[in-house]
Amino acid sequence: MEYLLVKLKPRSFFHIGEREGWFEGSKIYISSDTIFSALCHCHLLLYNEVDSFIESFCSSEPPFLISSAFPYWDSNLYFPLPKNQFIRDDKLKKIAFVNLKLLLRLLEGEAIEDLQEEISLDPELDYLPRLYLQENPKPHLPWIVENIPRVALNRFTNHPGENFFFFGQVKYLENAGLFILVHIKKKEWAKKIKALFRLLSEEGLGGDRSSGKGLFYPPEFHTIEIKKIPGANSSYAASVYFPTSSELGNLAKSFYQLELRRGYIYSPANKSYRRRSIRVFTEGSIFPGLNRVGTLVDITPEIFKVHRIYRYGLLFSIPCKMEER
């Protein structure tokens, strides 16, 4: 399958909140629903409307699908470790991401523990964090997470009082950044997709953008082909996923993790109302079957009447092979 590969190199630090109201730490990748929200905002800025854009994704055939934004490092693209990998080795339990070559081996049904010796001998099979010996000078990760002290001033007295907190931010190494896969289903959208990502790099993603964080250099566009897995019978999630009611079957045979998604409306009409909360399946989850699609979820609060608010839950899947248990 052929995809558009979008590489985003951060200009400086960025912050993606782990959970609402907690500023310490930051996610080191950006989920597909956050990216889609940013693309909606960019469509509004570019074309002065967003309704037609959202409606196209509510149809049975959306114009394109996006993955979450995962790390790249040099020539390697890293994906979340599949959730069906049960690891007993304490050292291997630290693995969070695997490069594309290793991912395909795992999606073919192999176990990472069985590949441990081969991985140690083959530099093309890589994972993060790299589990080198301490005396090895090579970096284990392509990113650095910092927690910097901050003080919030009282708006009435302009005095900091006890409003002291730490703010988490992520910086990628010079030869690293984030990548997104785009499955373009309607070829006439190709130019618009690139225009939206160009504007997104200037508008930024995440928190503290008013201070210059979350901005990116102009995106790089490439084409990438991911080989088909022989005998594929399941789907690996390279995005967050919210199933339709007809897709709730066979979840007992799935391997997944759920995450609560909430926050505030980001709209020219209002930025102070809280959106409805939902739970989504996270990246790296494995589901039986090859026909899962997902859906956009209406999360508009009752008090907000200007326009509808949606959470992106369409599945960007990579076919894989999972043994029946």
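1. In this predicted model, three strands form an open sheet in the order β14-β11-β17, and their pairing is antiparallel. The edge positions are taken by β14 (286-288) and β17 (317-320); each has a single partner strand, so one side of each is left without a neighbour in the sheet. From one strand to the next, the twist averages 30°.

2. Strand β11 (residues 234-237) and β14 run antiparallel and are joined by three bridges. Within this pairing, Y236 has I286 of β14 as its bridge partner. As a general point, the strands of a sheet pair through backbone hydrogen bonds, in either a parallel or an antiparallel manner.

3. The sheet also has a helix lying across it. Helix α3 (residues 100-107) crosses β11, β14 and β17, and runs at about 50° to β17.

4. For the chain overall, the secondary structure comprises five helices and 17 strands. Of its 325 residues, 49% are buried. Where contacts join residues at least 6 apart in sequence, 72% of them link residues at least 24 apart. The accessible surface amounts to about 16,900 Å², and carbon and sulfur atoms account for 50% of that area.

5. Does the length of helix α1 (residues 32-47) fall in agreement or disagreement with expectation? At 1.5 Å a residue, its 16 residues should span 22 Å, and the end C-alpha atoms are 22 Å apart, which agrees. The buried residues of α1 include D33, I35, F36, L39 and the neighbouring pairs C40 with H41 and C42 with H43. Just after α1, N48 adopts a positive phi of about 65°.

6. The aromatic side chains deserve separate mention, as the structure holds 22 aromatic pairs. One of them joins F57 and F64 edge-to-face, with 5.0 Å centre to centre and 90° between the planes. Both residues count as buried: F57 has 3% relative accessibility, and F64 has 1%.

7. Which further ring does F57 pair with? The partner is Y312: the ring centres are 6.4 Å apart and the planes stand at 75°, so this pair is edge-to-face. Because F57 lies in helix α2 (residues 51-58) and Y312 in strand β16 (residues 310-314), the pair ties together parts that are 255 residues apart in sequence. Y312 is buried, its relative accessible area being 1%.

8. A cluster of rings is also present. Ring pairs link Y29, F70, F79, F97, W143, Y172 and F179.

Methods: Residues are numbered from 1 along each chain as its sequence is written. This is a predicted model: local features need pLDDT of at least 70, side-chain atom pairs count only at pLDDT 80 or more; totals for chains, interfaces and linings use all residues. Side-chain values use heavy atoms; hydrogens and water are left out. Helices (H or I, at least four residues) and strands (E, at least two) are DSSP runs, numbered from the N terminus. Buried means under 20% relative accessible area, exposed over 50%, partly exposed in between (1.4 Å probe, protein chains only). Contact means heavy atoms within 4.5 Å. Accessible areas come from the Shrake-Rupley method with a 1.4 Å probe; for residues, only the protein chains shown count as cover. Two strands pair if DSSP finds at least two bridges between them. Axes are lines fitted to C-alpha atoms, for helices over the stretch in contact, and angles run from 0 to 180 degrees between N-to-C directions. The expected span of a helix is 1.5 Å times one less than its number of residues. Rings of Phe, Tyr and Trp (its six-membered ring) pair if their centres lie within 6.5 Å; planes under 30 degrees apart count as stacked, over 60 as edge-to-face and the rest as tilted.
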